Amino acid sequence: MTFTEKLNHAWATSHSMLMMGLDPDPQRFPAEIAGRGDAIYEFCRAMVDATAPYVCGVKPQIAYFSAQRAEAQLEALCQYIHETYPHLPIVLDAKRGDIGSTAEQYAHEAFERYNADAVTVNPYMGFDTLQPYLAWEDRGVVILCRTSNKGGSDLQFIESKDGVPLYLHVAGLVADHWNTHGQCALVVGATFPEELARVRERVGDMPLLVPGIGAQGGDIPATVKAGCDSHGTGMMINSSRAILYASGGDDWREAAAHAARATRDAINAAR
Ligand SMILES: O=C(O)c1cc(=O)[nH]c(=O)n1[C@@H]1O[C@H](COP(=O)(O)O)[C@@H](O)[C@H]1O
């Protein structure tokens, strides 16, 4: 099954557009697992178990693992998710971008070492730097377009050809030229619903990864109104910290499950 098929299946069967973001910060771990050698793996595994019924996919952020020398725990986690929840796509958030020969190594890392269904990439260096990822035709390539942070406007709002802002130019390039195998998705922040609507209008039913609800304050009804595709779905709406750290007490698993369910329900109520 390709990434796109898996994602469509996950949307249909989970009735959820919530993506569980895994940004494990040892400073915020519950006492029960803090200090364990495998704490990152155990924390993330528990979070996936608690939230799996309410999500359409899982997005581990690689820096939270590599900064702690925990790449082996990320490998084990991806294997656990594939074995236990084979219907849930894994989007490895790595935001890679480099010349083709190096990109080949990054693609190998994401798709072979971690066996991710999709990876996030940065289009700043152009098409040839994305080709090594696109060559893995069954995997997803999730391209930064209009990011959720304030500073995204510094470059993404610069007017390109015909006065079109750069983020919309990227959306057009992907929709019209780069998505030849139907494997691409775009990153658009929930913090900018107006631009989300413009991207949706430009790219039709292409999947969108939409971070920025929860800890970054993005408005759920505005996001849903702006970003759904023609079938009333089409988004992986990510939330990480607001779910992972819903409670630091003994009820951390239950609190995460409750937060995930409530977020899924808030998204569905706005559809
Ligand atoms: O590609 C991403 O996932 C991403 C793009 C973007 O524009 N903004 C953004 O916040 N992200 C990621 O989404 C997650 C957001 O986490 P929370 O703000 O805790 O929900 C982090 O892992 C970010 O690295």
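Here is a short conversation between a student and a tutor about the model above.

Student: What kind of model is this, and what pLDDT do side-chain atom pairs need to count?

Tutor: This is a predicted model, in which local features need pLDDT of at least 70, totals for chains, interfaces and linings use all residues, and side-chain atom pairs count only at pLDDT 80 or more. Residues are numbered from 1 along each chain as its sequence is written.

Student: Which residues does UniProt give for the domain feature?

Tutor: The record is an unreviewed entry, and its feature reads "domain: Orotidine 5'-phosphate decarboxylase". UniProt positions are in the numbering used here, feature names are shortened, and annotations may be inferred rather than shown by experiment. The span is 41% helix and 17% strand, with its end C-alpha atoms 17 Å apart. The record places the feature at residues 17–256.

Student: Which residues touch the most other members of the largest nonpolar core?

Tutor: A nonpolar core is a set of buried Ala, Val, Leu, Ile, Met, Phe, Trp, Tyr and Cys residues joined through C-beta atoms within 7 Å. Buried means that 20 or more other C-beta atoms lie within 10 Å of a residue's own, exposed means 12 or fewer, and partly exposed is in between, with C-beta atoms placed from the backbone. Among the 86 residues of the largest such core, the two that touch the most other members are Ile-143 and Leu-186.

Student: And which helix gives the most to this core?

Tutor: Helices here are DSSP runs of H or I with at least four residues, strands are runs of E with at least two, and both are numbered from the N terminus. The top contributor spans residues 39–51 and provides seven residues, and that is helix 2.

Student: Which residues is Ile-143 in contact with, leaving aside its neighbours within four places in sequence?

Tutor: Contact means that the C-beta atoms of two residues, placed from the backbone, lie within 7 Å. With those sequence neighbours left out, the partners of Ile-143 are Val-121, Pro-123, Val-170, Val-174, Cys-184, Leu-186 and Val-187.

Student: Which residues come nearest to the ligand?

Tutor: A residue counts as near a molecule if its C-beta atom, placed from the backbone, lies within 6 Å of it. The shell holds 19 residues, and strand 3 (91–96) and strand 8 (235–239) are the elements that give two or more residues to it. Those that come nearest are Thr-147, Ser-148, Pro-211, Ser-240 and Arg-241.

Student: How many residues of that shell are polar?

Tutor: Ala, Val, Leu, Ile, Met, Phe, Trp, Tyr, Cys and Pro count as nonpolar, Asp, Glu, Lys and Arg as charged, and the others, Gly among them, as polar. Three shell residues are nonpolar and four are charged, while the polar ones number twelve.

Student: Why does Lys-95 count as partly exposed?

Tutor: Lys-95 lies in strand 3, and the unreviewed UniProt entry annotates Lys-95 as "active site". Its phi is positive, about 50 degrees, although Lys-95 is not a glycine. Beyond four places in sequence, Lys-95 is in contact with Thr-120, Val-121, Asn-122 and Leu-144. Lys-95 counts as partly exposed because its number of C-beta neighbours inside 10 Å is 17.

Student: In strand 7, which residue is the bridge partner of Val-187?

Tutor: Two strands pair if DSSP finds at least two bridges between them. Strand 6 and strand 7 do so in the parallel sense, over two bridges. Strand 7 is covered on both faces, with Leu-208 and Val-210 buried on one side and Leu-209 and Pro-211 on the other. The partner of Val-187 is Leu-209.

Student: Which elements do the buried residues of helix 10 pack against?

Tutor: The buried residues of helix 10 are Thr-223, Val-224, Ala-226 and Gly-227. They pack against helix 9, strand 7, strand 8 and helix 12 (252–269).

Student: Is His-231 buried or exposed?

Tutor: His-231 sits in the loop between helix 10 and strand 8. Its C-alpha atom is separated by 8.2 Å from that of Asp-205, 26 residues apart along the chain. Because His-231 has 10 C-beta neighbours inside 10 Å, His-231 counts as exposed.
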